[in-house]
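Visitor: I would like to learn how to read the aromatic rings in a protein model. Could you walk me through it?

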Amino acid sequence: MSAEIKVKRQSSRKRSRDRRISHLTPARKRTSASGRQCPDNTGQIELSRALDQSMDAKFSEYCSDPEDLFGDYDSIVSDSSFLAKLDRVGQNMRQHDIEHTTSSRCPVILLAGNPDFTSLKSSTDNCPKQSCDDSMTESFLEGFTDDAFLDMPSSQLAFLQDPQTAPMNCCTDEDKTSMPMRHPEKSVSTEDRNENHIAPKARKSVSDHLKRAMMANAATPSSVSRTALQKEAVVTEEISVAMQAMESVSMATTDLGPFFGLPTKVKELICNLKGIKDLYEWQKTCLNLDSVQQRRNLIYSLPTSGGKTLVAEILILKELLCRKKDALFILPYVSLVQEKVRGLASFGLELDFMVEEYAGSKGRFPPVKGRGKRSLYIATIEKAHGLVNSLIETNRLGNVGLVVVDELHMLGDGSRGAIIEMTLAKVLYISKSTQIIGMSATLGNLQDIQKFLKAESYTNDFRPVELKEYVKLKDSIYEVDPKEEECFRFSRVLNFKYSSAMQKIDQDHIVALVTEVIPSQSCLVFCPTKKNCENVAGMICKYLKEDFIQHKQAEKAVLLGELRSSGNGSLCPVLKKTVPYGLAYHHSGLTSEERKLVEEAYSAGVLCLLTCTSTLAAGINLPARRVILRSPYVAADFLKRSQYKQMVGRAGRAGIDTHGESILILQDKDKVLVKKLLSAPMEICISNLMHSDGKGVLSLILSVIGLNITNSLEQIRDFMSGTLLSVQEKQVCLERSLWEVTQECVELLKEKGLVTVSTEPQDGSLQVTKLGRATYKGSVDLTYCDLLYRDLSKGLESLMLNSFLHLIYLVTPYDMVSQCKPDWMVYFRQFTMLSAAEQKMCAAVGVSESFVARKAAGQNVKKNVDQVVVSRLYLALVLQSLLKETDLWSVADRFQLSRGFIQTLLSSSSVFCSCVLHFTEELEEFWPFKALLTELTRRLTYCVQAELIPLMEVAGVMERRAKLLYNAGYKTLAHLANADPNVLAKTVENLFKKQANQIVASAKMLLNEKADALQEEMDDLLMMPLDLLSL
C-alpha cells in the first residue's frame, strides 16, 4: 500500500485497440468474474448492471471507443503502472472490507453490481464511527481529498455540472468517494433495504473514476468554433516552430519555417496590403544570413529602390511575433514616419501588436506598457533618442529586441548624425541582447561603421530595374562609362526643333528632354533651388501642346479643387497654371497638405512631371521613368556623390519600366568636376559628436551621467570608447586625444552648473544638477539651456495669461530667429493691434512700441535692444495670428512670408514647446507651466479648430480631410475606428479605398493605444503599495 506509484513513458504511439485482455484491464471490462455473488440479491445485481450499461452508453456519446481512453497519449504499462496499482489497491481494500466485516460481526450486506466492485455499509449505529476500514481508506486516499479537486480543469467542472451528465456522478454530495460510508448515523438496516427494495450502488475503483474524469474533461463542448480553433492552432504552431528554430539554429541550416520563421499569414498580408507576391533573390539571401538567424548586428547596403525596407519589416515582424520583443524603427523625416505608421497599422491589427508614432510632438515618454502586446515604435531621429533615454531610465530597454536604422549614412550629417550616434552607443552599452540593423544606399567607409556597431555587412548592387546614366552637353547626349578615358561615350543628338525665342528661354533643352517621356510616362526634374523649381515648371508649360491639357483632365480638375480646399479657397498661382498640363513643383515652400496632395496625384499618374529639390530624393519614394538633374549643384554647393546617387536612384519603376534613365545637364565649365563626381568613391561618414565645438560630446556625457549609466571619469572613458568617434579618433581628434576631450567636457559641464561632484565623503561620483536633468530630459540644446531658464524665470514673475502671446513667445524656437528678418512696417502694424496688456508684456521682454515705431519710420535707434528678442517676438506674433485664424494663407500674406516657412515655424514651435514642457517638469519652480504648456503644445501641433483635433491625431489625416470627415459624420476617433472602410470611401469625397483602409486601421491602433494608457493609469491606482505596513 505504501509503495511509490511510478509512471513510465513507454511509447508515443497510439495503443492497438485489438490488444488482449491482461491483468491491466479494468475489472469491469474483464469477461470472467473474479468476485463472489450473493444469490439472494439477483435483482440488485441486474439493476447495478443495467446502471453500468446506461452509463457506458452515455460515455459512448463522447468517446467512440471506451477502451482507448488515452488517445495519442503515452501508454502506461508494466506492473508498476499507475492503473495497475490502483486496481490492486482497490482489490485489497475490498478484501480487507470483507474480512473486517466478518470479524466484527456487524450485520452487513454484500452488494455486487459487478463482482469486483463492492460497497459495505453498517446496519446499525452501534458500530464504531472510526473503523479500521476508514483508517485504511484514508491512509491511501489522503491526497484525494476534496481539496485536491480545487485545481480541476474548468472544462471538467463544466461537464460534471451539466444536468445531462449529472447521472454519471455516482456519488452524492454526502458521499463523494467510492469508499465505506463515513456517516453511520445515516445508515439503514438490512431489513429496511430489503423492504424498500433499494439496490445500493456498487463502489467503483479509483482507476474507473480517473478514466471517467478524463472522458468528462475531453467531452466538454467548446464555445469557440472548430474552424477558429484550427486557424489559431496553425498560426500558434508556426510561431512555436519558428521560435524553436531560432533557438536551435545551426550553421548548417537556414530553414526557419514557412515564411522566414513567420506564419504564412504574414506572407498573405504582405501580398494583400503591399501587393508583393514574392521576394527578390537578394532579399531571400539576406534574410537567411547566419548573422540574421543568430541575431548578430548587421549593416546591409543596396542602391535606392532595391527593396531594403521590406527586409527590415520582415525582421521587425519576426522580433514582435517570434521573440515577443518590442522593436524600434528609426526614420529620418516626419513624413516617412507617418507613411510607415499608416502602412504598418493594418499589420498590427491583424497580428496583434501596437504601432506607435514618435514624430514631431507626438510620443509618450516612457511609452505605455503593452499589457501583453508587443510594440513597434516608429520614430524620427530626435524622438528615438528621447525614447531610448526614457526606456533606460525605467529599466525597460531590454524589452526592445531590435533597433532598425534607415539611411544609416546620416551618421555623417551634422547634429542629426550626432544624435544617431548617441542613441546607438547607448543601446550597444546598455542592452547587449538588442540587435541593431542598419541600412543605406550610400556608405563609403563601411568598415568604420561595422567596427562601431560590432556588425557584419551585406552588400549587393541589385536594382529591380536597370539604370542607364547619361549626361547632356550642349545638344548631345553621352552615356556615362567610367571605363572610358573621358568617362563619357557619345550616344545621340537631341532631335527637337527650337525656335530662336524658345532657344533663348530653354537653353538647356529641358522641354526636349521631358517631352520624350511625358505624358504617358513620368519624369522628375531636380533643380538647385526652390525658386528654380517654380520657374522651370512654368517654363515647360509655356511650350507644351494643348493635347497635354486633355490628358486626364477630369482628375486634374479634382486635384485643383482639393488644392484650393486645402488653402481655404486660396490656390498657388504657379500650381493653378501647371496642374492642367500635368505638372507641379515640390519643395519645402509648399504646405504639408499641398505636398501630400501633389505626391498622391503623381503616384496615381494624374501628374506626370515634378520639378523638385534634392530633399525629394531622400524622402518619400516617388520613382520615375526619367530623372533629369537640372544642374550639378545644390544651392551654391557642388553635388556630392551620395546626393547624386540618391537622385538618379529614383529612375526606374519596378513592375512598370524595363529600365530607368538619368540625365545630368552640365556646362563646359563643370565638365572636369562632373568627371570626378561620376568616378569618385562614396563619401565617408565622419562622427559628428565634435560638431559645433564638441556640442555632441557635451550632450552625450550629460545624459549618460543623468541616466546613471556612468558616474565617474573612468566609466565615461569606457563608454566613449564604444562610439564612432573613438573608432575615428585619429581622423577627428587631431589636436588632442579623445580622453582629453572627455575631461575638458566634464569640466565645462561643471562650470555650466549642469554636473556636480557628490558631497558624500570618499565618494566623488559625478551627478547631474536639477538644471542638468531638465536639459537632457527636455532635449534642450546646451547652447540655449541657460537662456531658456532665464526667460522662463523672468516670465514667471509677470506671466500674462489673458492671451497666448506670452506663452508663445517663451516657446518660439531660438534657432528660427536667424531665418527671418522682420518687416518693420508689418511689425508696427501688428504691434499697434495688440491689447494694452499685450503691449505691456512686449515692453517687459524688451521691445517697446516707440522702438518699433522708430524702426518702421527708418530712424536710427540709439538704445541698445537685443535683436534676438526683437526677432523672436516678431515670430511669436506670426504664431499668435496663426492660432487665432488657423488660415495659413492669410497669415503668410499679411507678414509677407512664404507659407512653407510658416508651416516650418509652426511645426518647430510645437516640437520646442514639447521640449520646454519636459524641461519645466523637472524644475519645481516652474510648476505652473505644466498645465499651460500641455494645452499649448496640442494647439500648436494641429493649429485647427478644436473639434478637428481628435481626427487629426490619426496618422495621415490633414486639415482638409479632417473637415470632410467631420462633415460626413465622423466626428470622433471612435467614429473613425469603428467605420466601415467601404462606406467611408463612398461617403468622403476623393477618398480611395486603400486610403480609407489605412485611416480606419490607424484610428483603431490609436484608440487601442489610448485605451492601454488609461488602463495602465488605472492599474497604477489600484496597485497595492509594496511598502504597506502590516501588523
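Guide: Gladly! Let us begin with one ring: Tyr-429 is partly exposed, with a relative accessible area of 26%. Please keep in mind that this is a predicted model.

Visitor: Is Phe-719 buried or exposed?

Guide: Phe-719 is buried, at a relative accessible area of 2%. Burial under this scheme means a value under 20%, so 2% qualifies and 26% does not.

Visitor: How is a pair of aromatic rings described?

Guide: Two values do the job: the distance of the centres and the angle of the planes. By the pairing rule used here, the count comes to 18 aromatic pairs. Tyr-429 and Phe-719 form one that is edge-to-face, with 5.0 Å centre to centre and 65 degrees between the planes.

Visitor: Where in the chain do Tyr-429 and Phe-719 lie?

Guide: Tyr-429 belongs to helix α14 (residues 414-430) and Phe-719 to helix α27 (residues 713-720). They are 290 residues apart, and the pair links distant parts of the chain.

Visitor: Why is the pair of Phe-926 and Phe-929 called edge-to-face?

Guide: The ring planes stand at 65 degrees, with the centres 5.9 Å apart, so the pair is edge-to-face. Both Phe-926 and Phe-929 are buried.

Visitor: Which residues do ring pairs link into a cluster?

Guide: The cluster consists of Trp-824, Tyr-827, Phe-851, Tyr-874 and Phe-895. Rings can have charged partners as well: Arg-717 lies over the face of Trp-739, 4.4 Å from the ring centre. Likewise, Lys-971 lies over the face of Tyr-966, at 5.2 Å from the ring centre.

Visitor: Phe-851 caught my eye. Which residues of helix α36 are buried?

Guide: In α36, which spans residues 849-856, Phe-851, Val-852 and Ala-856 are buried. Looking down the helix axis, you find these buried residues within an arc of 130 degrees, so they line one face of α36. They pack against α34 (824-832) and α37 (867-885). Just after α36, Gly-858 takes a positive phi of about 80 degrees.

Visitor: And how many residues does the largest nonpolar core have?

Guide: That core has 121 residues, and Leu-328 and Leu-453 have the most contacts inside it. Its largest share, eleven residues, comes from α37. Apart from it lies another core of 120 residues, including Leu-289 and Leu-609.

Visitor: Finally, what share of the protein chain is buried?

Guide: Buried residues make up 49% of the 1031 residues. As for secondary structure, the chain has 45 helices and 21 strands.

Note on methods:
Residues numbered from 1 in each chain as written. Predicted model: local features only at pLDDT ≥ 70, side-chain atom pairs only at ≥ 80, totals over all residues. Heavy atoms only, no water. Buried < 20%, exposed > 50% of the residue type's maximum accessible area, 1.4 Å probe, protein only. Helix = DSSP H or I, 4+ residues; strand = E, 2+ residues; numbered from the N terminus. Arc of directions from axis to C-beta. Contact = heavy atoms within 4.5 Å. Core = buried A, V, L, I, M, F, W, Y, C linked by side-chain atoms within 4.5 Å. Phe/Tyr/Trp six-rings, centres within 6.5 Å; stacked < 30°, edge-to-face > 60°. Lys NZ or Arg CZ within 6 Å of the ring centre and 35° of its normal.
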